[in-house]
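Here is a friendly walk through one protein model, from its overall form down to single residues. Have your viewer open as you read.

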Amino acid sequence: MKKNLISVIILALVLADLILTAVVAFVLIPQNKKSNELIEKVCNAIDLDLEGGGYAAQELDVPLDKIVNYSLNGGETMTINLTPAADGVEHFALVQVTLGLNSEHEDYKKLGSEEQLADKEGQLRDIVFSVVGQHTSEEIRNNRDEIRTEILNKIADEVYGSRLVVTVSFTATVQ
């Protein structure tokens, strides 16, 4: 009789443990995921500020008279499809982009002439299309500085491998 009673108690404890484990899995784990997402967003914001601050300081070291401007697409507007916003409506932006090149940079003589810039224009336009196109119309209106920095960093990393381009300015009309 004692062995049966102990077996029943052990079975009841195992079932209670199983129920409590299920409660933990369905209640605490989703809350933990939300906390991790919040921590990740804070870390990303800190990294973004640190990167942006470092580059902005370097940008200020170039005197304005040493910056040579180059307009992409001959100064004409480019039509870029944007990521659909929460309203589900597809928007597009009419964008004009001007790059500011540091004429004192060591790569300027070999990469900064009109011919070399024209040769790289396809890559430069592709970067603008991909960066601007991944944003919604609200982000284009509200986060232009972040988009400029993103374009600038992609150009530096993917096209030139240096900080020859020191500024990116664009005008965007969102439709």
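A residue is called buried when its relative accessible area is under 20%, and exposed when that value is over 50%. With that cut-off in hand, we can look at a helix of this predicted model. In α5, the buried residues are Ile147, Ile151, Leu152, Asn153, Ile155, Ala156, Val159 and Tyr160. An α-helix has 3.6 residues a turn, so residues three or four places apart point the same way. Helix α5 covers residues 144-160, which makes 17 residues. From first C-alpha to last, α5 reaches 23 Å, close to the 24 Å expected at 1.5 Å a residue. Glycine 161 follows α5, and its phi is positive, near 70°.

**The chain as a whole**

Now let us step back. The protein chain holds five helices and four strands. Read from the N terminus on, its elements run α-β-β-β-α-α-α-α-β. The radius of gyration is 27 Å, well over the 16 Å that the globule rule gives for 175 residues, so the chain is more spread out than a compact globule. Along the principal axes, the C-alpha atoms fill a box of roughly 95 × 40 × 25 Å.

Of the 175 residues, 28% count as buried. The accessible surface comes to about 11,600 Å², and carbon and sulfur atoms account for 57% of it. As for contacts between residues at least 6 apart in sequence, 71% join residues at least 24 apart. On the charge side, there are 15 positive and 27 negative side chains, and the centres of these two sets lie 10 Å apart.

**Two residues to click on**

The table places two residues side by side.

| Residue | Location | Relative accessibility | Class |
|---|---|---|---|
| Valine 8 | helix α1 (residues 2-60) | 53% | exposed |
| Histidine 135 | loop between α3 (114-133) and α4 (137-142) | 14% | buried |

Why does valine 8 count as exposed? Its relative accessibility is 53%, and the class begins over 50%. Valine 8 also gives a feel for distance: its C-alpha is separated by 68 Å from that of isoleucine 127, a residue 119 places away along the chain.

Which residues does histidine 135 touch, not counting those up to four places away in sequence? They are Leu82, Thr83, Ile140, Ile147 and Glu150. One of these, Ile147, brings us back to α5, where Ile147 is among the buried residues. Histidine 135 is itself buried, because its relative accessible area is 14%.

Definitions and conventions
Residues are numbered from 1 along each chain as its sequence is written. This is a predicted model: local features need pLDDT of at least 70, side-chain atom pairs count only at pLDDT 80 or more; totals for chains, interfaces and linings use all residues. Side-chain values use heavy atoms; hydrogens and water are left out. Helices (H or I, at least four residues) and strands (E, at least two) are DSSP runs, numbered from the N terminus. Buried means under 20% relative accessible area, exposed over 50%, partly exposed in between (1.4 Å probe, protein chains only). The radius of gyration is taken over C-alpha atoms; the globule rule is 2.2 Å times the number of residues to the power 0.38. Contact means heavy atoms within 4.5 Å. Accessible areas come from the Shrake-Rupley method with a 1.4 Å probe; for residues, only the protein chains shown count as cover. Lys and Arg count as positive and Asp and Glu as negative; His and the chain ends are not counted. The place of a charge is taken as NZ of Lys, CZ of Arg, CG of Asp or CD of Glu. The expected span of a helix is 1.5 Å times one less than its number of residues.
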